[in-house]
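Q: I am new to this structure and would like a close look at a single part of it. Please take your time and connect that part to its surroundings.

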Amino acid sequence: MKYLLKKMKYLLKLVSLLFSRGNYLTYLANIFFSDKGTLWPNRHNYTKHYHSLFKKNRYNKNLKFLEIGLCRGLDEGWAQNDVPSIRMWLNYFPHAKIYGYDYSDFSFFKHERVSIFQGDQGNKKHLNDFININGGEFDVIIDDASHASHHQQISLGSLFPYLKKGGYYIIEDLDWQPSEIEKKEAILTEKLLLSYSENKNFNSPFLTNDENDYISYNIDQCKMLDKKNQLFKLAIIKKK
Ligand SMILES: C[S@@+](CC[C@H](N)C(=O)[O-])C[C@H]1O[C@@H](n2cnc3c(N)ncnc32)[C@H](O)[C@@H]1O
C-alpha cells in the first residue's frame, strides 16, 4: 500500500510537471489540486500570470498575502478538508505570512506562517474583525470566494484600504456568478471596473460613498484578463 501511494505521488508530480509548461507556480497548483493551474477542473491557468507578477517578491521576508476562499466543491458536497491554494502559496513564498479567509471552518490547518479566519466575505463586520485581528498593509489580496458581485464589491470596499501602496488586489472568475446568491439589483463587478477604466469612477450600490471614493482615488492600474489570455476573466488592480 505504502509503495503504491509513493508511486502515485511520483506520478502526480510527473504529470503536474508535464502540464506546467515550465512555470513553477503552475506546477505547485497542479500538485496541490488547485484549479488555478492547468490540471484540475476548471484549469483556470491564472498561475501563469501570477508567476510573472509575483516572482520578484517570492523571497520577501515581510510579504503579507491574503486569499479569500480556500477550498473547492462545497456545493458539490466535497469534504472541506484541504486548503489547496494556501499550500501552494506557502511553498511558492517560503518566508511570507499567508492569511486565509473563508466562511467554512479550516481551523484544522495549522502552520506557523498561516493564519485562517472564519467569516463571510459579504459581511462588513466580519471583514473589519479580520483586519482588527490581523492588521493591514497586505501586499496581495486575492478574492476567490463566492464570486457573487455584491460579495466581491463588499470585500473590495472593506479590504482595499488595507492593501499596501503598490500592492495587488485580484478578483478571480469575474465571468461566473452563482445564480442562487447573485442579487438581481447587482451590477457585475467586471462592468464597474470597466466603467472605472473609462471615467475613473468606481460606483457600487453596496458601498458607501466614502468606500467608492477611496477605491476610485486609489487605483493605479486596473488590468482585465480574459479568454484572449487563455483565462477565465480576472481583474488585477494595482494600488497607487
Ligand atoms: C472557488 S473556492 C476556492 C478555491 C481555492 N482558492 C483554490 O484555488 O483551490 C471558493 C471558496 O469560497 C468559500 N466561500 C464561498 N462563499 C463565501 C463567503 N460568502 N464568504 C467567505 N467564503 C466563501 C467557500 O467556502 C470555498 O471554500
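Against which helices do the buried residues of H2 pack?

A: The model is a predicted one, and the answer below should be read with that in mind. The buried residues of H2 pack against helix H1 (2-19), helix H3 (46-54) and helix H4 (84-92). Helix H2 itself covers residues 24-31, and seven of its eight residues are buried, so that the helix is mostly covered. Those buried residues are Leu25, Thr26, Tyr27, Leu28, Ala29, Asn30 and Ile31. Leu28 also has a place in a wider grouping, since the largest nonpolar core has 50 residues and Leu28 is listed with Phe65, Ile141 and Tyr169 as those with the most contacts inside it. As a general point, nonpolar side chains tend to be buried together in soluble globular proteins.

What comes after the helix deserves a careful look as well. H2 is followed by phenylalanine 33, which is found in the loop between H2 and H3. Phenylalanine 33 has a positive phi of about 70° although it is not a glycine. Because 18 C-beta neighbours lie inside 10 Å of it, phenylalanine 33 counts as partly exposed, the cut-off for a buried residue being 20 or more. Tryptophan 40 is found in the loop between H2 and H3, and with 18 other C-beta atoms within 10 Å it is partly exposed. When its neighbours within four places in sequence are left aside, tryptophan 40 is in contact with Phe33 and Asp35. Tryptophan 40 and phenylalanine 160, by comparison, are 120 residues apart in sequence and 30 Å apart in space, from C-alpha to C-alpha.

From Leu28 the core can be followed to another of its listed members, Tyr169. Leaving aside neighbours within four places in sequence, tyrosine 169 is in contact with Ile141, Leu156, Phe160, Leu163, Ile237 and Lys239. Of these contacts, Leu156 is one of the buried residues of H6, a helix of residues 149-159 in which eleven of eleven residues are buried. The buried residues of H6 pack against strand S1 (64-68), helix H5 (124-134), strand S4 (138-143), S5, H7 and helix H8 (209-218).

Several of those partners are strands, which leads to the sheet. Seven strands form an open sheet with mixed pairing, in the order S3-S2-S1-S4-S5-S7-S6. Strand S3 (114-118) and strand S6 (219-225) stand at the edges, and because each has a single partner strand, one side of each is left without a neighbour in the sheet. From one strand to the next, the twist averages 15°. H7 packs on the sheet, where it touches S5, S6 and strand S7 (234-239), and its direction makes about 130° with that of S6.

Strand S2 can be followed through its two pairings. S1 and S2 pair in the parallel sense over five bridges, and strand S2 (residues 97-102) pairs with S3, again in the parallel sense and over five bridges. Tyrosine 101 takes part on both sides, as the bridge partner in S2 of isoleucine 68 and as a residue whose own bridge partner in S3 is phenylalanine 117. Tyrosine 99 stands opposite serine 115 in S3. Five of the six residues of S2 are buried, so this strand is largely enclosed by the rest of the structure.

Helix H4, one of the helices against which H2 packs, offers a way back to the starting point. Leucine 70 lies in the loop between S1 and H4 and is buried, with 21 other C-beta atoms within 10 Å. Not counting residues up to four places away in sequence, leucine 70 touches Val83, Ser85, Ile86, Gly100, Asp102 and Phe106. Ser85 has a further role in the picture, as 21 residues surround the ligand and the closest are Gly69, Ser85, Gln121, Ala145 and Ser146. The residues of this shell divide into six nonpolar, eight polar and seven charged.

Definitions and conventions. Residues are numbered from 1 along each chain as its sequence is written. This is a predicted model: local features need pLDDT of at least 70, side-chain atom pairs count only at pLDDT 80 or more; totals for chains, interfaces and linings use all residues. A residue is buried if 20 or more other C-beta atoms lie within 10 Å of its own, exposed if 12 or fewer, and partly exposed in between; C-beta atoms are placed from the backbone. Helices (H or I, at least four residues) and strands (E, at least two) are DSSP runs, numbered from the N terminus. Two residues are in contact if their C-beta atoms, placed from the backbone, lie within 7 Å. A nonpolar core is a set of buried Ala, Val, Leu, Ile, Met, Phe, Trp, Tyr and Cys residues joined through C-beta atoms within 7 Å. A residue is near a molecule or strand if its C-beta atom, placed from the backbone, lies within 6 Å of it. Ala, Val, Leu, Ile, Met, Phe, Trp, Tyr, Cys and Pro count as nonpolar, Asp, Glu, Lys and Arg as charged, and the others, Gly among them, as polar. Two strands pair if DSSP finds at least two bridges between them. Axes are lines fitted to C-alpha atoms, for helices over the stretch in contact, and angles run from 0 to 180 degrees between N-to-C directions.
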